[in-house]
Amino acid sequence: MEQQDLNKRLLLALALSFLVFVGYSYLFTPPTPQAIEQNSTATKAAPQLATTQTAPSSQQQSYPLPSHGNTDALLHVVSDTFNMTIDSLGRISQFELLEKKYQNEKGENLQILGADKTKPLEVRFVDRALNDEAFKTPYEASLSGTVDVKEKPVTVTLTQHLSQTTITKTITIEPTGAYTLDVKLTTPQPYFITPGHRPMADNSMYMLVRGALIKTPDGVIKTIEDGDAKGDEVFQNARIASAFDRYVATMFYDFKKGMNVTILKVEEDNPLIFVQGEPAMHLGGYIGPKEYKLLASIHPELTDAIEFGWFTFLSKPFFKVLLWLNDLIGNWGWTIILFTLLVKLVLFPLSYKGMMSMQKLKDLAPKMKELREKYKDDPAKLNMKMMEMYKKHGANPMGGCLPMLLQIPVFFALYRVLLNADELQGAAWIPGWIDNLAAADPYYILPVLMGVTMWIQQKITPNNFTDPMQEKIFQFFPIMMAIMFIIMPFPSGLVLYWVVNNIFTIGQQYIINNAYQKHKAAAAAKKKGKE
């Protein structure tokens with residue numbers, strides 16, 4: 001492949017790969033499982049202890065359990081931001097977010113727990129007969145009706161009297177959605193308890209990370225995404241066990257002793273977290289939005305439960321910088337714009353070198369063509385002569401690649417942040433136009449601006465396509481991108497970043513074009529002076 005074609009081919013490949021990436025995430029997102037009727041009988045897998053009694057057996061034993069939606073409410077817990085329902089089986093049967101930014105188009109509050117899914121605080125006994133009895137025996141509660149946690153925490157005790165043991169759950173619920181859980185059995189019985197199936201709170205057609213997250217004792221974050229569970233994953237002394245959706249999560253944590261966690265495989269190979277129980281155990285818990293400051297206020301380490309996928313190593317520091325900037329500015333739209341400017345400034349030295357190399361390669365194109373014609377039958381000599389020419393004129397055929405390669409992780413890291421950060425939910429940029437940076441631009445102004453700025457960027461960027469088909473595809477790319485972003489409801493925060501990045505790149509290109517013209521003029525004057 002000709003060296004001078006490398007940059008443009010790389011750019012074209014990146015453009016097409018992005019189309020495939022976002023197109024696949026929009027068109028081929030796995031469908032949301034159909035809800036099971038409330039009066040149906042759900043078949044669930046009950047964990048069994050292995051011979052070491054540290055994890056459920058990989059040979060799961062399935063048998064009928066009562067429907068998850070067919071139990072009476074024991075208690076309603078109300079705060080400023082949520083309503084929590086505890087049912088007669090001692091579980092959190094529903095969790096409703098009250099903030100306006102979570103409401104749907106009809107103004108209905110968001111209920112994050114699937115009606116047919118395993119609920120937080122559900123206990124599974126290893127003994128089958130005891131487990132059957134437990135799912136038929138209601139709990140008794142120390143409180144009833146509706147309790148208010150707006151001002152201070154509330155403690156409720158749930159008791160279940162079984163033939164072989166009595167189980168007591170003492171739950172202290174905080175106004176934030178955090179809680180402490182103490183479980184006691186009067187006689188030892190092997191059991192497991194779960195933070196529940198991941199919330200079913202978002203049906204967006206994006207390639208999102210959903211499933212289970214485990215923080216190991218050595219601080220490593222492990223994620224098991226929906227569809228990837230094997231059913232035999234075991235984690236000893238885990239610090240955090242979180243079942244998470246795009247913006248919300250339900251989790252257990254223990255930063256002192258740790259938890260012995262097992263992942264079960266449920267429908268569609270999705271993960272379900274279980275923690276090994278003890279006759280007397282104490283856990284921290286949380287259910288609600290994955291807001292950074294909220295989680296940090298409960299415990300700083302809980303912010304590790306905010307997961308951005310493959311690019312977390314970049315996304316997390318980017319996210320912290322964005323949070324810091326937003327604290328200064330107080331507007332997420334202007335925060336994104338300022339952050340984009342900072343990224344461009346940091347990468348400018350590399351971009352400058354790369355763009356200058358592309359300018360030089362463009363000027364050398366006629367001489368390259370002559371060399372290809374002259375040495376077309378001698379590839380080795382052709383390559384040698386081209387290298388000599390590059391060295392003589394200070395051109396680097398790889399110079400334009402590095403800035404482009406650096407932009408790949410930067411873009412996808414920001415893509416993950418702007419797609420997954422709960423803070424952008426309901427965040428306005430310009431009231432009356434962009435009232436929610438997590439939603440699409442209602443007037444399609446940003447997608448159109450993105451296409452226009454991409455077209456301008458193409459016009460002022462040096463290129464020397466030799467393949468007409470590649471050139472046509474590249475010319476139509478801005479139109480394809482604008483149409484795609486109009487058809488697909490991409491968050492306006494993400495499109496805003498792209499538009500602003502294009503505008504700054506256009507500015508960079510004008511600066512470099514002018515600098516190169518001055519460089520050429522100075523070189524020509526110097527050459528003329530020597531003559």
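This passage describes the nonpolar cores and the salt bridges of a predicted model.

In soluble globular proteins, nonpolar side chains tend to be buried together. The largest nonpolar core of the model comprises 63 residues. Within this core, the members that touch the most others are Met251, Leu437, Met450, Met481, Phe485, Phe490 and Leu496. Helix α7 (residues 401-420) supplies the largest share of the core, namely nine residues. Another core, of 54 residues, lies apart from it and includes Val154, Val183, Ala238 and Leu283.

Side chains of opposite charge can pair when their charged atoms come close. The structure contains 19 salt bridges. One of these joins Asp245 to Arg198, with an N to O distance of 3.5 Å. Asp245 is located in the loop between β17 (240-244) and β18 (248-253), and Arg198 in the loop between β13 (191-193) and β14 (211-215), so the salt bridge ties together parts that are 47 residues apart in sequence. Both Asp245 and Arg198 are buried.

A salt bridge is also formed by Lys257 and Glu278, whose closest N and O atoms are 3.3 Å apart. This pair links distant parts of the chain, 21 residues apart: Lys257 is in the loop between β18 and β19 (259-266), and Glu278 is in the loop between β20 (270-276) and β21 (280-289). Lys257 counts as exposed because its relative accessibility, 55%, is over 50%. Glu278, at 32% relative accessibility, counts as partly exposed. Elsewhere, salt bridges with shared partners connect Arg198, Asp202, Arg210, Asp226, Asp245 and Arg246 in one network.

How values were computed: Residues are numbered from 1 along each chain as its sequence is written. This is a predicted model: local features need pLDDT of at least 70, side-chain atom pairs count only at pLDDT 80 or more; totals for chains, interfaces and linings use all residues. Side-chain values use heavy atoms; hydrogens and water are left out. A nonpolar core is a set of buried Ala, Val, Leu, Ile, Met, Phe, Trp, Tyr and Cys residues joined through side-chain atoms within 4.5 Å. Buried means under 20% relative accessible area, exposed over 50%, partly exposed in between (1.4 Å probe, protein chains only). Helices (H or I, at least four residues) and strands (E, at least two) are DSSP runs, numbered from the N terminus. A salt bridge is a side-chain nitrogen of Lys or Arg within 4 Å of a carboxyl oxygen of Asp or Glu.
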